[in-house]
Amino acid sequence: KDQSELRHKKGHVQIKNLYITMRKQGCLPTLYGLSFLVSFFAYAWSEPLTCSANFERDPALKEMKFDIGYGEETFEAYIQPDVSTFYQEKPGSRTAVAPHFVALAGMFVNMSPDNLRLYWDPDNGRPGSIIAYNTPFQATGTATFPTHKFYFTPMDSNEVVARFTVTPPQSVYYYDPLDVPNDPEQTRRNLDALSEDELEKYMILKKTKDFAEKYFEFTGRQYLANYPRKQPSHFMWSADYLGQMHWATTKETHFVELPSDDELQPIRASPKERVLKEDEPRFLQQYRTKDQDILNMTLKVTSYAPRVFEIDNFLSEVEAQHILKLATGMDLSLSTTSGSAGRTKEKDNTNTRTSRNTWVPREKTAIVDAIYRRAADLIQIDEALLRPRDAGTHPDRSSRSSIAETLQLVHYENGQQYTAHHDFGYPNVDDDQSARYLTLLLYLNEGMVGGQTSFPRWVNAETGKALTVEPKIGKAVLFYSQLPDGNMDDLSQHAALPVTYGEKWLMNLWVWDPVFG
C-alpha cells in the first residue's frame, strides 16, 4: 500500500511538472491539455501504454543533401525503419517478407500545354479503357500492376502521343514533348512558346523529375508529389511497433439514447455559434452516457508501413443505428472510383468498385456533428478545421472551408467489393499541393461474411498475406495516405474485400492536407 501511494504521488508530480514544462515551451496546445494529462496518468499506472500525442519531429526523418543544378539543397526525407523494430527487436534481426500482392501506384505526368486522355491498354487489340483526363502540366494515375500498359491521346483525336509500360520499381511516367533530345534549339523554341504561367509549371515538373531520382537513391521510394512539397501541417500518430497503444480523450461522449426527431433537426448555427469551450456541456448531453464527461479512445497500432490503427468503440450502437436510419431516407448511387485530380467520375464499369454510397453532411444532425468533433479529437486536429469557419479562426489557412470531405456512407451487398486502391490523389502544381491526408473508416454493422478491410502490401516479417481488419459495430480504422516528409504513401493501398454473406455498412471520413480542394 505504501509503495502504491508513493508511486501515485510521484506519478502525479511528474505529470504536473511535465505538463507545465510543455506549456511553457509552447508545444502543448491548450485544447489538448486534458488529453495529455489523462494519457500521462495512464502511463504512470499502466506501463505498457505509451504517451498519447507526441508533437516532436519524427525520428525517421533524415537530412538528404543533393544537387540537381541549383546548388546544394537539403530535404528531410522519411527513411522507413527496419522491420525488426516493428517487433521491438534489434535492427537487422528480422527480414521483411515480400507481399503476395504485387502492385504499385501508377502516376502519369502531362508536361505539355495540351489536355490529354489517359487510357489503360488491355494489349489484346481491343480499345483501351479511359482512366483519367490530364490537364496541362498536371499528374493523375491509378493503382496498377507490373507489365500493365497505358497511353495518352489528345482530347480531340485517338492519336496515341505516348505509351507506357509499368516496370517496377518505377511508378512515375512523364510525357514531355517540349524537351527534344539532341536539339536544344527546338527545345528552346518550344519553351519560348509557353506563357509565363505554363513555363513556371513546366520547370516545377522538370525539377521534380530530377529531384525524384535523388529521392529514390536516398530512400528507395518513388516520389509521388511535386518538389518541394511541405511536410504535413497536421498531427500524425506514431506507429513504432505492433500493438503499440495511444490514448486520446474527448468530451464528445457516446449517445446512448436517441433524441427526438425535433431535437435532431439540421444545424443552421453560424460558425461562431458552433464553438464549444472546454468547460461547456456538449450538445444534447442528456442523451449521452450518464456521469461521464470524458470518453477515452485507445488507438492500437496494427501496421507501421502503412500506419494503421484500430479504435474499438469509437461509435456507440445508438449512433451507428442513427446513421443507418438516416440512410433509409437517402438515395444511394453506384460508387465511383474518383479520388485523384483528373480522375473520371463516371460510374465504374470495371468491377473495381461495386458498392453504393451517399453523403452525410456534418450539419445533418447533432449526432453527426458529435461524430465529427470526436474524430477531430482522435486525430488531434481542431474541430473548427472540419467545418466552414469565420475569418478570425485559423487565419493562416488559405481557405476557410472544411479540410474534410463530407462523410461518405457506403453499402456493400452480397458479392460487392472495392478492389485495392489508394485514397490519395496526385497534388496539382501549386503552392498548397493539397491531397487527402488520412482516412477514418467507421463500421456501422457486423456479422457479415467477408467484407474485411485489407492492406495487402503492409510491411512485416511474418507473412506475405494481407493485413485484414474485421468489421465490428462502432470500430474505427485510421490510416494515413501521406508520409511524414510530405510524399504520398504507396503502401497505403487498401481494399474492401467481397461480402460473401449478408451486407456491410460503413462511413469514410477523408481529411486533406493542408486544405481541401
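## E383 and R373

E383 is buried in this predicted model. Its relative accessible area is 13%, and buried means under 20%. R373 also counts as buried, at 4% relative accessibility.

R373 and E383 form a salt bridge. Their closest N and O atoms are 3.5 Å apart. R373 sits in helix α6, which covers residues 366-378. E383 sits in the loop between α6 and β15 (407-412). The pair therefore ties together parts that are 10 residues apart in sequence.

## The network around this pair

R373 and E383 belong to a network of salt bridges. Its other members are R274, R362, E363, D369 and R387. Across the model, the count comes to 27 salt bridges.

## R57 and E76

One salt bridge joins the side chains of E76 and R57. The N to O distance is 2.6 Å. E76 lies in strand β2, residues 72-78. R57 lies in the loop between α2 (33-45) and β1 (61-67). These parts are 19 residues apart in sequence, so the pair ties them together.

How much of each partner is accessible? E76 has a relative accessible area of 29%, so E76 is partly exposed. R57 is at 46% and counts as partly exposed too. Partly exposed residues fall between the cut-offs of 20% and 50%.

## E257 and K290

K290 forms a salt bridge with E257. Here the closest N and O atoms are 3.2 Å apart. Both residues are in the loop between β10 (245-250) and β11 (295-304). They are 33 residues apart, and the pair links distant parts of the chain.

K290 is partly exposed, with a relative accessible area of 49%. E257 is partly exposed as well, and its value is 40%.

## A nonpolar patch on the surface

Which residues make the nonpolar surface patch? Y70, L199 and M203 make it. The patch has an area of about 270 Å².

M203 is placed in helix α4, which spans residues 196-219. M203 counts as partly exposed because its relative accessibility is 34%. A residue needs over 30% relative accessible area to be part of a patch, and M203 has 34%.

## Picture in brief

The R373 and E383 bridge joins two buried residues. The bridge between E76 and R57 has partly exposed partners. So does the bridge between K290 and E257. M203, a member of the nonpolar patch, is partly exposed.

Key
Residues are numbered from 1 along each chain as its sequence is written. This is a predicted model: local features need pLDDT of at least 70, side-chain atom pairs count only at pLDDT 80 or more; totals for chains, interfaces and linings use all residues. Side-chain values use heavy atoms; hydrogens and water are left out. Patches are made of residues with over 30% relative accessible area and no salt bridge: like charges are joined within 9 Å, nonpolar side chains (Val, Leu, Ile, Met, Phe, Trp, Tyr) within 5 Å. Accessible areas come from the Shrake-Rupley method with a 1.4 Å probe; for residues, only the protein chains shown count as cover. A salt bridge is a side-chain nitrogen of Lys or Arg within 4 Å of a carboxyl oxygen of Asp or Glu. Helices (H or I, at least four residues) and strands (E, at least two) are DSSP runs, numbered from the N terminus. Buried means under 20% relative accessible area, exposed over 50%, partly exposed in between (1.4 Å probe, protein chains only).
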